[in-house]
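Thank you all for making time this morning. I would like to walk you through one model, and I will put the sequence and the structure on the screen before I say anything about them.

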Amino acid sequence: MDFIHVDNRIYAENDAGKVIAEVTFPPEGETAVCLDHTFVDGSLRGQGVAGALVKEVVEYAQKNGKKIRPQCSYAVEWFNKHTEYDELLVH
């Protein structure tokens with residue numbers, strides 16, 4: 001799946017242009033982003049798409065020297081399972 005990166009939003013569309021997967025992470029000051037929204041269309045659930053979106057945010061944060069504050073329930077759960085990224089979290 002090809003993701004589209006626009007500002008602090010990463011998403012995918014279907015052939016009709018409908019958003020079928022999305023994550024948003026607005027800035028929090030100069031050094032952090034808030035991962036506040038993760039959405040995956042029901043037709044894609046269970047295929048690892050939400051996790052791939054969060055991983056895209058992780059890569060963004062690593063490349064840009066940012067910390068992440070997970071706010072949406074999916075992101076909180078994902079980071080609880082992927083403790084190898086604890087150094088990226090706002091504490």
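I will go through the helix, a few individual residues, the cysteines and the aromatic rings, in that order.

Please keep in mind throughout that this is a predicted model, and that every value I quote is computed from its atoms.

Let me begin with helix α1, which runs over residues 49-64. At 1.5 Å a residue, its 16 residues should span 22 Å, and the end C-alpha atoms are 23 Å apart, which agrees with that expectation. If you look for the side of the helix that is hidden, the buried residues of α1 are Val49, Ala50, Gly51, Leu53, Val54, Val57, Val58 and Ala61. What do these buried residues of α1 pack against? Their partners are the strands β2, β3, β5, β6 and β7, together with the helix α2, which covers residues 73-81. After α1 comes Gly65, and the phi of this glycine is positive, near 65 degrees.

One of the residues that α1 offers to its surroundings is Leu53, and that brings me to Glu22, because Glu22 counts Leu53 among its contacts. Glu22 sits in strand β3, residues 19-24, and you might ask whether this acidic residue is buried or exposed. With a relative accessible area of 14%, under the 20% limit, Glu22 is buried. Its side chain makes a polar contact with the side chain of His37, at 3.1 Å. Once we set aside the neighbours within four places in sequence, Glu22 is in contact with Arg9, Ile10, Tyr11, His37, Thr38, Phe39 and Leu53.Two of those contacts also meet each other, since the charged end of Arg9 sits over the ring of Tyr11, 3.9 Å from the ring centre.

Arg9 also leads us to Pro26, which lies in the loop between β3 and β4. Pro26 and Arg9 are 17 residues apart in sequence, yet their C-alpha atoms are 7.9 Å apart in space. Pro26 has a relative accessible area of 30% and is therefore partly exposed. Not counting residues up to four places away in sequence, Pro26 touches Asn8, Val33, Cys34 and Asp36.

Next, please look at Asp41, in the loop between β6 and α1. Its relative accessibility is 16%, so Asp41 counts as buried. The C-alpha atom of Asp41 is 8.1 Å from that of Val19, although the two residues are 22 places apart along the chain. On either side of Val19 in the numbering, Lys18 and Ile20 are the residues that Asp41 touches, with residues up to four places away left out. The side chains of Asp41 and Lys18 are joined by a polar contact of 3.5 Å.

A second aspartate, Asp7, is placed in the loop between β1 and β2. Most residues other than glycine have a negative phi. Asp7, however, is not a glycine and has a positive phi of about 50 degrees. Is Asp7 buried or exposed? Its relative accessible area is 71%, so Asp7 is exposed.

Now to the cysteines, and to the question of how many disulfides the model holds. The count comes to zero. The sulfur of Cys34 has its closest cysteine sulfur in Cys72, at 8.5 Å, and that is too far for a bond, because a disulfide requires the two sulfur atoms to be within 2.5 Å. Cys72 is likewise in no disulfide, its nearest cysteine sulfur being that of Cys34. Cys34, at 4% relative accessibility, counts as buried, and Cys72 is buried too, at 14%.

I will finish with the aromatic rings, of which the structure holds three pairs. In one of them, the rings of Trp78 and Phe79 have their centres 5.0 Å apart and their planes at 80 degrees, so this pair is edge-to-face. In another, Trp78 and Tyr85 are stacked, with 5.6 Å from centre to centre and 20 degrees between the planes. Ring pairs thus link Trp78, Phe79 and Tyr85 into a cluster. As for their surroundings, Trp78 is buried at 7% relative accessibility, Phe79 is buried at 2%, and Tyr85 is buried as well.

That is where I will stop, and I am happy to go back to any of these places on the screen.

How values were computed: Residues are numbered from 1 along each chain as its sequence is written. This is a predicted model: local features need pLDDT of at least 70, side-chain atom pairs count only at pLDDT 80 or more; totals for chains, interfaces and linings use all residues. Side-chain values use heavy atoms; hydrogens and water are left out. Helices (H or I, at least four residues) and strands (E, at least two) are DSSP runs, numbered from the N terminus. Buried means under 20% relative accessible area, exposed over 50%, partly exposed in between (1.4 Å probe, protein chains only). A polar contact is a pair of N or O atoms within 3.5 Å; within protein, one must be able to donate a hydrogen and the other to accept it, and residues adjacent in sequence count only if both atoms are side-chain atoms. Contact means heavy atoms within 4.5 Å. The expected span of a helix is 1.5 Å times one less than its number of residues. Rings of Phe, Tyr and Trp (its six-membered ring) pair if their centres lie within 6.5 Å; planes under 30 degrees apart count as stacked, over 60 as edge-to-face and the rest as tilted. A charge sits over a ring if NZ of Lys or CZ of Arg is within 6 Å of the ring centre and within 35 degrees of the ring normal.
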